[in-house]
Amino acid sequence: MNWLDLFLFIPLAAVLAVGVWAAVRRKWLILPPAVVLGLAALSYGVSIQYYISRGAERLSDSPAHNLAMTWLLASAATLVCWVAVWAGYSRGHWFWRSSAMAGVLALLALIEANEPILLILATMPFIAGGAYLLRQRQDRGQPREDGPPCDRAIQGDRFRWSLRDAFLGFVVIGLLGVALRSVATGELYLVGRDFAVTSLTLTALALTAAGSGLARKAGARWASGLAALILVVAAVILHRSRDGLGVAYCFYDFSPGACIVPLAIGTMGMTAALVLICNLYSAAARTRHALSKRISGVLLAVLLAAVVTPLALVYPRMLPPAVSVAPSPPSATYAKIQAAGQKAAALHTPGFQAAPVVKEATKALAEPGNVWFDAREFRNNELSLSFDDSFHRESMLCSALDVATAKAEETGRFSESLKLAILQWRLGRVLRRGGIVMNWAIGNRAEQLGCAAVSYAADRLSEDECRLALVELRRSLT
C-alpha cells in the first residue's frame, strides 16, 4: 500500500470507526448512514484513484521553480487575507486596522504591482466586512460589561470623532493615495469577467476559512470547513480555463487548473490554521495552561515563517532599479515608411500597382532611421486588445516589395531585383533600431527576403552590382 492508498483509506477508516461506535453504543439510527457513506466513499475512492495519482505524479514531477512560485503566490494571497480578517475582527483602534490594509497597498505600489493592487481593493474591504459581521454575531447576546474595560471604552466612543482622528485619517488617505497613483499612472492587464471571478473566489475562501477558525462550536466549525472545501472545488472548476490576472503565465509547465488547486488550498488552509491557532492560544492564556500556550505559540511562529519567508526573500529583489530608458527620438524616415505601408495595405485588392509604393519606399529609405511611436498610445492599444496598425503597415510594405521582386525575377529584370533587395535590407535596418520585438521580427523577415532575392539573381549580376550588394549587406551585418 502506497501513500495514495493510505490517503484514500483515511475516510473509510473514519466511517468504519463511526459504524463500530454506533454498533457498540446501539445507535442504530447512525449505523445505516455510516454503511452507505462507507460504500459510497469506497466506490468513489476507487474511481478517482487514477486521476489523483496522475495529479500527484504531475505535481511531483513539476519543476522546482513552479512549486516555489505557487508557494510565493499562496503566501501573498494568505497575507492579504490575514490582514483583512484581523482588521475586521479586531477590537483595536480604527487607525491601526485601516493603516494595516492601506500599508499592504502602499508596499505593492513600491514594486508597481498594479493588478494585485486592484485585486486587493476588490477583495480586502469585503473580507474585513465579513470578519466584522462574524465578530458582531459572536458578540450578539453577550452583555457588554463582560468585556474588558478597554473594550467598553471603545464601544462607548465608537461614534466620536476628534481632531486627532482627522489627522490620523490623513495618514491612511496618504497610503491609499500612493497605491491609487500607481494604478492611475501605470499599465494594467486585466480581463474583466475573469478578474471578477478571481475576486469573488478569494473573498469566499477567506471568509469561509475565517469562519471555520472563529467558530466556537465543533459543529459550526465542521460546517464551515465543508463549505470551504466546496468552495475550493468550485474555484478549481471556475478557474480551469480562466485567469483574471495573468497568473497562469508564470506556470508554463502547469495548466491553469493545476496551479489554481494549490493556490486555493494553500490560501484557505493557512488562513483557517492561523485563526484557529490564535483561538487556541487565547483559550490557553485564559485557562493558564502553560504547555498548550507554548505549543500554540510554536505553531503560530512556524505558520508565520512559512508565509513571510518567501515574501521577505523575493520582495527586495522586485523593487524597480533606479534607471530609466531614454525613448528613441522621432524619425522622419519611419513616418515615411508608415505612409508607404498605408498605401501597400491595398496589396490584395484588384488593380493594385506596386510601382508607386516602390518609388515612395525608395525615397523614404534613402536615409537611415529608427522605429518611433507614442508609447502611451501604443500601450493603450495593446492592453485594450486592439492591434496596433503600425505593424500591419510595416508588414504590408515588406510584402509589396517582395511581390515587386517576384515580378522582376519573372521578367528577367535582375538589376531591378537587386534594387528591391537593397530596399528590403534598408527597411530591416530601420525596423531593427528601437521599437519592440515585433518590429525586429518584421525587419528580420525583410532582410531574409532581400538575401533570398540576391541569392537568386547573383549569377546574373555584374561585378559592380555584386560589390554594391556586399556593401549593403555589410551595413546590415554591423
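The legends below describe several views of a predicted model.

**Figure 1. Overview of the predicted chain, which has 18 helices and zero strands.** The chain holds 478 residues, of which 36% count as buried. Among the contacts in the chain with a separation of 6 or more, 76% are accounted for by residues 24 or more positions apart. The mean pLDDT of the chain is 75, and a value of 70 or more is reached by 65% of its residues.

**Figure 2. Close-up of residues 149–157, where pLDDT stays under 50.** For this stretch the model has six contacts beyond four places in sequence. The mean pLDDT of the chain, for reference, is 75.

**Figure 3. Close-up of L105 in helix α4, which spans residues 94–110.** L105 has a relative accessible area of 4% and is buried, because buried means under 20%. Not counting residues up to four places away in sequence, L105 touches I117, I120, L121, L176 and A179. A179 lies 74 residues from L105 in sequence, yet the two C-alpha atoms are 5.6 Å apart in space.

**Figure 4. Close-up of L176 in helix α7, which spans residues 163–185.** L176 has a relative accessibility of 32% and so counts as partly exposed, a class that lies between the limits of 20% and 50%. When neighbours within four places in sequence are left aside, L176 is in contact with A102 and L105. The C-alpha atoms of L176 and A109 are separated by 9.7 Å, and these two residues are 67 residues apart along the chain. The contact with L105 also appears in Figure 3, where L176 is one of the residues that L105 touches.

**Figure 5. Close-up of the packing of helix α12 (residues 332–344) with helix α15 (residues 389–410).** Two packed helices are described by the angle between their axes and the distance between the axes. The axes of α12 and α15 come within 7 Å and cross at roughly 70°. The two helices are therefore roughly perpendicular to each other, since angles from 65 to 115 degrees are placed in that class. On the α12 side, the residues that meet α15 are Y334, I337, Q338, A340, G341, Q342 and A344. On the α15 side they are S390, R393, E394, M396, L397 and A400. By class, this contact of α12 with α15 has seven nonpolar, four polar and two charged residues.

**Figure 6. Close-up of the packing of α12 with helix α13 (residues 354–364).** The axes of α12 and α13 are 9 Å apart, and the helices pack at an angle of about 170°. Angles over 145 degrees count as roughly antiparallel, and α12 and α13 are therefore roughly antiparallel to each other. From α12, the contact is made by T333, K336, I337, A339, A340, K343 and A344. From α13, V357, E360, A361 and A364 take part. By class, the contact of α12 with α13 has seven nonpolar, one polar and three charged residues.

**Figure 7. Close-up of two cysteines, C81 and C466.** C81 counts as buried, because its relative accessibility is 0%. C466 has a relative accessible area of 28% and is partly exposed. A disulfide is a covalent bond between the sulfur atoms of two cysteines. How many disulfides does a search of the whole structure find? The search finds zero.

Terms used. Residues are numbered from 1 along each chain as its sequence is written. This is a predicted model: local features need pLDDT of at least 70, side-chain atom pairs count only at pLDDT 80 or more; totals for chains, interfaces and linings use all residues. Side-chain values use heavy atoms; hydrogens and water are left out. A disulfide is a pair of cysteine sulfur atoms within 2.5 Å. Buried means under 20% relative accessible area, exposed over 50%, partly exposed in between (1.4 Å probe, protein chains only). Axes are lines fitted to C-alpha atoms, for helices over the stretch in contact, and angles run from 0 to 180 degrees between N-to-C directions. Helices (H or I, at least four residues) and strands (E, at least two) are DSSP runs, numbered from the N terminus. Angles under 35 degrees count as roughly parallel, over 145 as roughly antiparallel, 65 to 115 as roughly perpendicular and the rest as oblique. Contact means heavy atoms within 4.5 Å. Ala, Val, Leu, Ile, Met, Phe, Trp, Tyr, Cys and Pro count as nonpolar, Asp, Glu, Lys and Arg as charged, and the others, Gly among them, as polar. pLDDT is the predictor's confidence in each residue, from 0 to 100.
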